[in-house]
Amino acid sequence: IQSGRSPSIARISLQMKPVRWFEFNYYHGWLVSEVTDSSRSYPVSSQPGATIRYVNHPKYIATNIFTFTPIRKLNISVGNSIIYSDMGPHPAYLIPVFFFKAVDHSLNAGKDNMNSQMFLDISSRNIRNLHLYGAWFVDEVNTSNMFDPDEHSNYFSFKLGGRLSNFPVRNLSLTGEWTRTNANVFRHYVSTLTYESNRYNLGHYLTDNAREYYLDVGYRPVRGLNLRLSYMLAQKGPDHTELGTDRLGLPFLESIEWENQTIALNASYQIINDAYVFASWRYSNISGNDLEKYTHPLYHGETNTVSAGLNFGF
């Protein structure tokens, strides 16, 4: 839903947990559009070499999530968010409990609406030693043609995962995740309404038309020593926003334009309280027609990366 990999933003937040079975979270944030507002930009003649002072369009996000715990160790969360611009912080989006899409259809009736999203997250630890979780991100729903395979325009992103811990061996964990994001999810045809800040996607790092498989084995043989072996396969299809293709009826991953296969081994040891030494080895094979677009030249093709270090306090 929100990956945490994008640059931090200024925001005001509200968190409430009035009873054991319910929690509420909301925030309103000031995003950075990096889209120039030509009407507010102006010439600068007093500084050598500076001719125009560029001013960006304002851009904001409002989001909330309601978390229910109907039984112990089961959390079900639902929420929604909206990206909006072309106005100052609007009082309607400062009301934490609103369904923002309905508000948007009232505020912007008769014209293009803002960019709204809905999401569902489920986390269950009801089976001993097993954590099951999943998230569903809904960027757009078109009920008139959602079951038409040729004209579908429902932009969804899914993540399903599970972790088995302390079974069959104590201090051993096994993790598996699958992520799928359909074409045009997180995108928007209005540049000031994309699900981004500073041109970094707020959602899954692979953005749209992509999938990822992730497997992980972790083991703690002795106190303070953590070992982890992981495998990841990430794939991306064509960038339809860049290609300018039609928004309707886009197939999922019709061709693989970028692929990353990575095997990693990580080890860390706690020397004293809050002091760690760590080392890692990573083998990656990154290829595809969009290699230059998504990957730094240093990591093209097959590479081996070795890291080691010391950290304190985190």
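# Rings, cores and charges along the chain

Y294 has a relative accessible area of 31%, so it counts as partly exposed. That residue makes a good doorway into this structure, which is a predicted model. We will come back to Y294 after a look at the aromatic pairs in general.

A pair of aromatic rings is described by the distance of the centres and the angle of the planes. Searching the whole structure turns up 15 aromatic pairs. In one of them, W30 and Y60 have ring centres 6.2 Å apart and planes at 80 degrees; an angle over 60 degrees is what the edge-to-face label asks for, so this pair is edge-to-face. The two partners come from distant parts of the chain, 30 residues apart: W30 belongs to strand β2 (residues 22–36) and Y60 to strand β5 (residues 56–68). How exposed or buried is each partner? W30 is partly exposed, with 34% relative accessible area, while Y60 is buried at 7% relative accessibility, because buried means under 20%.

Now back to Y294, whose ring partner is W258. Their ring centres are 6.1 Å apart and their planes stand at 70 degrees, so this pair is edge-to-face as well. W258 sits in strand β15 (residues 258–272) and Y294 in helix α3 (residues 291–294), so the pair ties together parts of the chain that are 36 residues apart in sequence. With 7% relative accessibility, W258 counts as buried, whereas Y294, as we saw, is partly exposed at 31%.

Aromatic rings also gather in a group: W21, F22, F24, F66 and F68 make up one aromatic cluster. Rings can meet charges too. R5 places its charged end over the ring of Y205, 4.5 Å from the ring centre, and R11 does likewise with Y27, its charged end being 4.2 Å from the centre of that ring.

From the rings we move to the interior. In soluble globular proteins, nonpolar side chains tend to be buried together. Which residues of the largest nonpolar core touch the most other members? The core has 13 residues, and A62, I82, Y84, Y93, F100 and M114 are the ones with the most such contacts. Several elements feed this core, with at least two residues each from β2, β5, β6 (74–85) and α1 (100–107). Strand β2 is the main contributor, giving 3 residues. Take A62 as a close-up: leaving aside residues up to four places away in sequence, A62 touches Y27, H28, N80, S81, I82, Y93 and F100. A second core, separate from the one just described, has 11 residues, among them L31, I83, F137 and L202.

The charged side chains bring their own links, and the structure holds 7 salt bridges. One joins the side chains of E34 and R199, with 3.4 Å from N to O. E34 lies in strand β2, and R199 in the loop between β11 (196–197) and β12 (200–201), so this pair ties together parts that are 165 residues apart in sequence. E34 is partly exposed, at 32% relative accessible area. R199 reaches 52% relative accessibility and therefore counts as exposed, since that label applies over 50%.

Another salt bridge brings together the side chains of E177 and K159, at 3.2 Å from N to O. These residues are 18 apart along the chain, with E177 in strand β10 (residues 172–181) and K159 in strand β9 (residues 155–165). Both ends are partly exposed: E177 has 22% relative accessibility, and K159 has a relative accessible area of 23%.

R228 and D216 form a further salt bridge through their side chains, 2.5 Å from N to O. Here R228 comes from strand β14 (residues 225–236) and D216 from strand β13 (residues 210–219), 12 residues apart. Is each partner buried or exposed? R228 counts as partly exposed at 31% relative accessibility, but D216 is buried, with a relative accessible area of 3%. Beyond such pairs, shared partners join R187, D208, D239, E242 and K293 into one salt-bridge network.

Our last stop is N129, found in the loop between β7 (115–127) and β8 (130–140). N129 is partly exposed, at 27% relative accessibility. Although 35 residues separate N129 and L164 in sequence, their C-alpha atoms are 5.6 Å apart in space. Setting aside residues up to four places away in sequence, N129 touches R163, L164, S165, N166 and F167.

Notes: Residues are numbered from 1 along each chain as its sequence is written. Side-chain values use heavy atoms; hydrogens and water are left out. Rings of Phe, Tyr and Trp (its six-membered ring) pair if their centres lie within 6.5 Å; planes under 30 degrees apart count as stacked, over 60 as edge-to-face and the rest as tilted. Helices (H or I, at least four residues) and strands (E, at least two) are DSSP runs, numbered from the N terminus. Buried means under 20% relative accessible area, exposed over 50%, partly exposed in between (1.4 Å probe, protein chains only). A charge sits over a ring if NZ of Lys or CZ of Arg is within 6 Å of the ring centre and within 35 degrees of the ring normal. A nonpolar core is a set of buried Ala, Val, Leu, Ile, Met, Phe, Trp, Tyr and Cys residues joined through side-chain atoms within 4.5 Å. Contact means heavy atoms within 4.5 Å. A salt bridge is a side-chain nitrogen of Lys or Arg within 4 Å of a carboxyl oxygen of Asp or Glu.
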